[in-house]
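Me: I am new to this structure and would like to go through it step by step, with the reasoning spelled out. Could we begin once it is on the screen?

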Amino acid sequence: MKRAAAVAAALMILAMSGCADTGKGKGKGSSSKADNSVVVTAADAGISADDIEVGYEENDAIDAVFSDSGIEVNGSGISAEGTVLNITAEGTYRLSGSCANGRIVIEADKKSKVKLVLNGLDLTCTDNAVITAKSADKVYLLLENGTENKLTDGKEYSLADGENTDAAVFAKCDLTINGDGTLNVAGNYKHGIVSKDDLVVTGGNVTVNAVSSALSGKDSVKISAGTFDLTSGTDAVKSTNDEEEGKGIVSISGGTFTINAGGDGLSAAKELQISGGDINITTGGGSANASMKSDGFPNGDWKQDFGGNGDFTPPDMGDFDKSDFTPPDMGDLDKGDFTPPDKPDDYNSDKKNTDTSAEKPTDTEQTETTSAKALKSGGNIIIDGGNITIDSADDSLHCDGSANISGGSLSASSGDDGIHVAGDLVISGGTVDISKSYEGIEGMTVTISGGDVSVTASDDGINCAGGSDTGSSDRKGMDMFAAQEGVFLKISGGTLNVNSAGDGLDSNGDLIIEGGTIYVSGTENGANGSVDHNGEATITGGTIIASGAVGMEEMFDEDGTTQCAVLHDFTQSFSADTEFTVTDKNGNVVLSFTNPKTWQGVIFSSPDLKQGESYTVSAGGESEEITLESVITSNSKGGFGGMGKPGNMNGGKFKRGEDNKASET
């Protein structure tokens, strides 16, 4: 009889493949700049029925019972040498008992499948991995229902020359963990669980506390179910193969995760896929341990891996105004009089002959970084489901390729950027809530066609091709974009709320608004604008209300804009939570918005605004009637020449009501 019947889902082959989505932005007269497509495809990250199957023939299982004095074994393909269990043949092995210093070594044929049923096993190895799979086709760790299993390694390993074992559970083959039992792994040497091929988890209650990474699969890590409590000194979950096609994947399609990582949370060499699960990630001590301070300067006290970059704490500068700083008088210093200090006697000036071989990292260490990002990929990121909550010292989402968010929920508090994408970012669905960030959303191109997006940033809200990133190397995750052809911000659907201390919507290329509902609570100082663009800017649909300080505000281009848009500067600045309204000639409210910060100027547009009609704009007791004689209407005198197209430099007309000039209501 089978020990447990397989669930119906185990008879199916589970596969998760990312969706392909295309976004295109096109500015009038500059198709070469914005005629850029966003296409994101996912490699197959299937999980087989065998990975889910938790049944086994009880009569065929070979038992091994551990104790401090030895191992009681019964059956072929298995042998004991003291407290070391050797497995050399394919089969099912049921393991139980307790041992203070023992281990399991698997050396089977490379076509063999070895299933280890952990049935109440408490095993510690003081000088090596607890489980080492040196050879097999695949090893299964089946966590027997109702049992608790504990695997612990030592702080130092005694390894033969050429061995690279570096985890409490270490497999040079595919490794699958399933079942309904509990597994606690302590990785005191380096890593918790490592597979040099594919690591698959389809069930169990898994707790890993590791000095380095918690779960690592060189080719892939694929998780469809289970409960995970992962604490890691470096990356929590990672895949490292960045050379072979279809590998280097981390795929999460289900499960409940609590991750506390000194380094990155989920890190994929080539592609990170999330389609389900409840995922809670804290990295680098959280956003309170930010790599950037709110003033845009590096946090000199930022501590990586819960430990430090030295004991240096920068002095408190108080309310120091950098503009008041005067460098000290250097007098008539002659640089030619400078004599460098003598080199120490043991200084090796012949760098070519210096032996650095001892400094080379092992295979699983080569991809360790000093970053503390939550979701990270060297290629693409695809999110179409799941509930993700992030508190990260570094970027909450970071990828070197493209990113596609089409579903699920992402809530992030970041010490650096909320979302940073080196290529194309497409948001077509789901919920994105960035409650704290330096820059909220960055990408070479950003396309928002659906979903509910909220961004709070101490610098720019949405930035295409970078912005005012500091040049200091002290800043973790620092990335600088240069303005270039093909850069654009395109909004065609969804709801977007931006609260930024820098620019609200900032594109170093084109700005294209075709739909959606957009609210921007922009900067409170005149050095930035609620809307900023270096290329062409057009609006043909949707609703936008963007308010902030005057001085650097920029308007849409009349050429290419088909929907009436207005830039209006009031004669005074209003306090936070002052409501702005637009009413038609019959007194009906067409638009309204309450900015939680101080503001004076506002850009607004809506399909309800009609050319040739008159409207009344009001805020804080000030009211004025305007007539939309052109598709672009502006009374702004702000901005600086050569900085995009600020103020009323677009040639739009603004007509004041004869009896309603800045009148008080």
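Me: What is the relative accessible area of Asp 63?
Reply: The model is a predicted one, and in it Asp 63 counts as partly exposed. That class lies between the limits of under 20% for buried and over 50% for exposed, and the value computed for Asp 63 falls between them, at 33%.

Me: With which residue does Asp 63 form a salt bridge?
Reply: The closest N and O atoms of the pair are 2.7 Å apart, and a salt bridge requires such atoms to lie within 4 Å, so this pair qualifies. The bridge joins distant parts of the chain, from Asp 63 in strand 3 (residues 62-67) to a partner 31 residues away in strand 7 (residues 91-99). That partner counts as buried because its relative accessibility is 12%, under the limit of 20%. The residue is Arg 94.

Me: Which residue is linked with Asp 63 and Arg 94 in a network of salt bridges?
Reply: A search of the whole structure finds 11 salt bridges. Asp 63 and Arg 94 belong to a network of them, and the other residue linked there is Glu 58.

Me: Which residue meets the side chain of Lys 134 in a salt bridge?
Reply: Lys 134 sits in strand 10 (residues 131-135), and its partner, 29 residues apart from it, lies in the loop between strand 12 (148-153) and strand 13 (167-171). Lys 134 is partly exposed at 33% relative accessible area, and the partner is also partly exposed, at 31%. With an N to O distance of 3.8 Å, the side chain that meets Lys 134 is that of Glu 163.

Me: Are Lys 373 and Asp 394 buried or exposed?
Reply: These two side chains meet in a salt bridge, with 3.3 Å from N to O. Lys 373 is in the loop between strand 26 (271-283) and strand 27 (375-377), while Asp 394 is in the loop between strand 28 (380-392) and strand 29 (397-399). Both residues of the pair fall in one class, which is buried.

Me: Which strand gives the most residues to the largest nonpolar core?
Reply: Nonpolar side chains tend to be buried together in soluble globular proteins. Here the largest nonpolar core holds 110 residues, of which Leu 116, Leu 375 and Phe 556 touch the most other members. The strand that gives the most to this core does so with 7 residues, and it is strand 33.

Me: How many residues make up the second, separate core?
Reply: Its members include Phe 580, Val 582, Val 590 and Ala 619. Counted in full, the number of residues in this separate core is 19.

Me: Are the residues on the two faces of strand 20 buried or exposed?
Reply: Strand 20 (residues 220-223) has Ser 220 and Lys 222 on one side, with Val 221 and Ile 223 on the other. It pairs in the parallel sense over 4 bridges with strand 17 (residues 198-201), where Leu 199 has Val 221 as its bridge partner. It also pairs in the parallel sense over 4 bridges with strand 23 (residues 249-252), where Ser 251 stands opposite Lys 222. Both faces of strand 20 are covered, and the four residues named on them are all buried.

Me: What percentage of the residues of the chain count as buried?
Reply: The chain has 2 helices and 49 strands, and its accessible surface comes to about 27,300 Å². Of its 665 residues, the share that counts as buried is 55%.

Notes. Residues numbered from 1 in each chain as written. Predicted model: local features only at pLDDT ≥ 70, side-chain atom pairs only at ≥ 80, totals over all residues. Heavy atoms only, no water. Core = buried A, V, L, I, M, F, W, Y, C linked by side-chain atoms within 4.5 Å. Buried < 20%, exposed > 50% of the residue type's maximum accessible area, 1.4 Å probe, protein only. Pairing = 2+ DSSP bridges. Areas by Shrake-Rupley, 256 points an atom, 1.4 Å probe, with all protein chains shown as cover.
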